[in-house]
Amino acid sequence: MRVYIHDQKEGDQRDPHDSGQAVSLEDLDKLGVLYYHHDDMESVDKIAEERGYVNRDVINITPEGLGGQEIYEQKLKTFYAEHLHEDEEIRYILDGEGYFDVRHKDDENWIRIEITKGDLIILPSGIYHRFTLSNKDYIKAMRLFQAEPKWIAYNRPDADSNPYRETYVQKFLKV
Ligand code: KMT
Ligand code: NI
């Protein structure tokens, strides 16, 4: 995993867009974003047990894995629209790679988190983020859930008044 400030330039979303400005894991932690790296499933199971992630499934982001080219294209667009969820977003990368972008405190810059095999990332409820494949065009990830795997994305700006957003802002941004 690498974490850095996105260069904020237009162009292919799958390119690294590395501004050269690194971001520390402490900074991520301040935004409520947790990162682990584990090559064995036992360690993942342990985290899942500690944090109460009782459900899981595997998402294979390819046209075949998602049920056809059209659904694939649509999903990629949905993932890359700035959004939040009312639950944590927990992903353990089994293969391939991609980028999660999360909003920086000042709301202007994206922080780009490169995730590859063995990375486990936890985004807190209410954080604005987006996801893209890298230019390798492939990722396979385990999704873990604290509850039923309902997966609703609330897009910005409509989600600004979502109570989970308000809780996130109070907890992580108003300090
Ligand atoms: C999401 O909600 O943004 C995703 O599930 C992204 C794909 S999983 C690495
Ligand atoms: Ni999401």
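This passage describes the ligand, the two largest pockets and two backbone features of the structure shown above. The model is predicted, and the values given here are computed from it.

A good place to start is ligand 1, which sits in the largest pocket. Its surroundings are made up of I61, F79, H83, H85, E89, R91, F131 and W151. The protein covers 99% of the 300 Å² of accessible area that ligand 1 has on its own. Sorted by class, this shell contains four nonpolar, two polar and two charged residues. E89 and R91 each bring a polar side-chain atom to an oxygen atom of the ligand: for E89 the distance is 3.1 Å, and for R91 it is 2.9 Å.

Turning to the pocket itself, the largest pocket holds about 310 Å³ of space. It is lined by 20 residues, and those closest to its centre are I59, F79, E89, R91 and W151. Several elements give two or more residues to this lining, namely the strands β4 (55–61), β6 (89–103), β9 (129–133) and β10 (139–145), together with the helix α4 (69–80). Strand β6 supplies the largest share, with four residues. In terms of class, the lining comprises 11 nonpolar, four polar and five charged residues. Readers following the structure by eye may find E89 and R91 helpful landmarks here, as both belong to the group closest to the pocket centre and both are found around ligand 1.

The second largest pocket contains about 200 Å³ of space. Its lining consists of G32, L34, R51, E88, I122, P124, S125, Y164, T167, Y168, K171 and F172. Here the largest share comes from a helix: α5 (residues 163–173) contributes five residues. The lining divides into six nonpolar, three polar and three charged residues.

Two details of the backbone round off the picture. The peptide bond that joins R156 and P157 is cis, with omega at about 5°. P157 is part of the loop that runs between β11 (154–155) and α5, the helix that also gives five residues to the second largest pocket. Elsewhere, Q8 has a phi near 65°, a positive value in a residue other than glycine. Q8 is located in the loop between β1 (2–6) and β2 (18–22).

Notes: Residues are numbered from 1 along each chain as its sequence is written. Chains are lettered from A and ligands numbered from 1 in the order in which they are written. This is a predicted model: local features need pLDDT of at least 70, side-chain atom pairs count only at pLDDT 80 or more; totals for chains, interfaces and linings use all residues. Side-chain values use heavy atoms; hydrogens and water are left out. A residue is near a molecule or strand if one of its heavy atoms lies within 4 Å of it. A polar contact is a pair of N or O atoms within 3.5 Å; within protein, one must be able to donate a hydrogen and the other to accept it, and residues adjacent in sequence count only if both atoms are side-chain atoms. Accessible areas come from the Shrake-Rupley method with a 1.4 Å probe; for residues, only the protein chains shown count as cover. On a 1 Å grid over the protein atoms alone, a cavity is a set of points where a 1.4 Å probe fits but cannot get out, and a pocket is an open set with protein on both sides within 12 Å along at least five of seven lines; lining residues have an atom within 4 Å of a point. A molecule sits in a cavity or pocket if more than half of its atoms lie within 2 Å of its grid points. Ala, Val, Leu, Ile, Met, Phe, Trp, Tyr, Cys and Pro count as nonpolar, Asp, Glu, Lys and Arg as charged, and the others, Gly among them, as polar. Grid points are joined across faces, edges and corners, and a volume is the space filled by probe spheres set on the points.
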